[in-house]
Each structure stands twice: as C-alpha cells, then as structure tokens.
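Please open the model in your viewer and keep the selection tool at hand. The stops below move from charged pairs to nonpolar cores, each with something to select.

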Amino acid sequence: MTTIRVLIADDQMMVRQGFTVLLNAEPGIEVVGQAVDGLDAVAKVTELHPDVVLMDIRMPGLGGIEATRLITEPAGATVKVLVLTTFDLDEYVYEALRAGACGFLLKDASAAELAHAVRVVADGDALLAPNITKRLIAEFSRMSGAPRAPLKERVGDLTERETEVLSLIAQGLSNAEIAKRLVVAEQTVKTHVSRILLKLGLRDRTQAAVFAYETGLVRPAGY
C-alpha cells in the first residue's frame with residue numbers, strides 16, 4: 001500500500017502536533033513535515049514533496065489562500081491542499097477553493113474524519129460534503145452577483161450529459177451517487193468528469209462545483 005505523505009501548515013503548535021499524532025496513528029498515512037505559516041508551507045512543499053497539505057487559512061504573513069495558490073498553480077503540480085478552518089461558513093474558505101484547494105475541514109474534526117479527508121483528496125477526489133461545502137459554495141455564489149458571461153459561454157462546450165454530470169457534482173454527489181442517479185457505470189461517470197475538467201480547464205471537482213454555481217448552471221436553493 002502506498003503511503004500518503006502529509007504536510008501540516010498551521011501557526012498554532014498544538015494544532016500541528018495534535019494532527020500529527022492523529023494522522024501518524026493511521027495506516028497508510030505519514031506526516032512528513034510541519035509548517036508555521038504560508039511561506040514556510042510553500043518552501044516545505046518544494047523540499048518534502050507531500051501528497052496532501054493540511055492548510056490553515058488564517059496565518060500571519062503569507063496566509064493560507066495565497067499559499068494554496070502558489071502551491072497548486074504551477075504547471076504539473078500534483079499536491080492536494082485541504083484547508084483547515086474553525087468556522088464552517090468562514091468567508092475565506094470560498095476563496096481558498098477558488099485558489100485551488102480540494103476542499104476544507106473543520107479543525108474540530110474527529111481522527112476518523114481527518115484521515116478520511118486526507119485519503120479522499122489524495123485519491124484525486126474533492127472533499128465536497130453536501131452538508132457543509134455545498135452550503136458554503138452556494139452562500140458565496142449568491143454574494144458574487146450575476147453569472148459572468150465568459151464563464152457562462154464555456155458551458156456550451158459541454159455535451160448535454162456532461163452538463164448534467166456537472167450539475168450533480170455541484171450538488172455534492174459522489175461518482176457512485178451520480179452513476180446510480182443516471183443509471184450508468186461508475187467508470188462512465190469518471191470519464192465524463194475527466195472530460196468536463198479538461199474542456200473547462202479546471203483542476204478538480206471542487207473548482208467544477210464553484211464553476212457551476214458561478215455560471216448559474218446550478219442555483220442555490222431559494223434563488
């Protein structure tokens with residue numbers, strides 16, 4: 001079994017050490033380093049080549065949002081960023097998702113939730129739990145105003161089935177759930193997802209969900 005290498009970036013020593021203890025106790029996960037702020041996180045990613053970074057959003061100096069952007073933007077970057085926050089509707093979380101984070105996790109998550117989140121993003125999926133992330137994306141999409149035309153035009157590049165899959169991604173459904181809803185094989189859904197990301201020039205499912213809300217393809221409840 002391949003070991004998932006994790007870097008923890010948080011300005012609070014107790015948080016770093018606590019997460020380190022919890023994750024190192026999990027099979028197949030190893031914490032390879034700790035970073036005290038965003039700049040340190042960017043440097044440690046270059047030095048240690050982790051698979052997943054647990055990134056605090058609010059840190060002195062270079063914050064988690066800009067650090068996430070610097071880590072995920074370079075061509076060929078494969079490291080996944082999972083942002084950490086104290087509040088499930090932290091306004092900065094939405095910006096972190098747009099900056100390239102694969103999802104977010106509350107700091108009071110249990111050991112099981114923490115390990116699950118690390119495994120999900122390391123496997124190339126996004127942590128889009130319907131009860132939290134979907135609500136956050138919808139909330140801040142409302143605040144972003146009318147859909148932007150250039151983005152909306154790009155939806156036209158998708159086939160009817162791909163558009164349907166994109167809307168289900170934005171609703172927080174997993175590949176298995178989408179396959180069940182559309183009565184197709186899960187591998188077929190994975191192929192659709194890959195094509196959607198390629199056509200839209202998006203990094204992952206999280207960005208696809210943000211895109212779907214921003215273009216108006218999916219509207220928040222009540223709007």
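**Charged pairs, then cores**

Begin by selecting Asp-40 and Lys-44, whose side chains meet in a salt bridge with an N to O distance of 3.4 Å; a salt bridge here is a side-chain nitrogen of Lys or Arg within 4 Å of a carboxyl oxygen of Asp or Glu. Because the two residues are four apart in helix H2, about one helical turn separates them; helices (H or I, at least four residues) and strands (E, at least two) are DSSP runs, numbered from the N terminus. Asp-40 counts as buried, at 19% relative accessibility, where buried means under 20% relative accessible area, exposed over 50%, and partly exposed in between (1.4 Å probe, protein chains only).

The model is predicted, so local features need pLDDT of at least 70 and side-chain atom pairs count only at pLDDT 80 or more, while totals for chains, interfaces and linings use all residues. Residues are numbered from 1 along each chain as its sequence is written, and side-chain values use heavy atoms, with hydrogens and water left out.

Next, select Asp-56 and Lys-107, which form a salt bridge whose closest N and O atoms are 3.3 Å apart. Asp-56 lies in strand S3 and Lys-107 in the loop between S5 and helix H5 (111-122), so the pair ties together parts that are 51 residues apart in sequence. Asp-56 counts as buried, at 5% relative accessibility. Add Asp-10 to the selection, and you have a network of salt bridges that links Asp-10, Asp-56 and Lys-107.

For another pair, go to Lys-199 and Glu-162, where the closest N and O atoms of the salt bridge are 2.8 Å apart. This pair links distant parts of the chain, with Lys-199 in helix H10 (residues 186-200) and Glu-162 in helix H8 (residues 160-170), 37 residues apart. Lys-199 is partly exposed, with a relative accessible area of 36%, whereas Glu-162 counts as buried at 3% relative accessibility. Across the whole structure, a search finds seven salt bridges.

Now turn to the nonpolar cores, each a set of buried Ala, Val, Leu, Ile, Met, Phe, Trp, Tyr and Cys residues joined through side-chain atoms within 4.5 Å. Which residues touch the most other members of the largest nonpolar core? Select Val-53, Met-55, Val-81 and Val-83, which do so among its 25 residues. Among the elements that each supply at least two residues of this core are strand S1 (4-9), strand S3 (52-56) and helix H4 (91-99), and H4 gives the largest share, four residues. Apart from this core lies another, of 23 residues, among them Val-155, Leu-158, Leu-173 and Leu-200.
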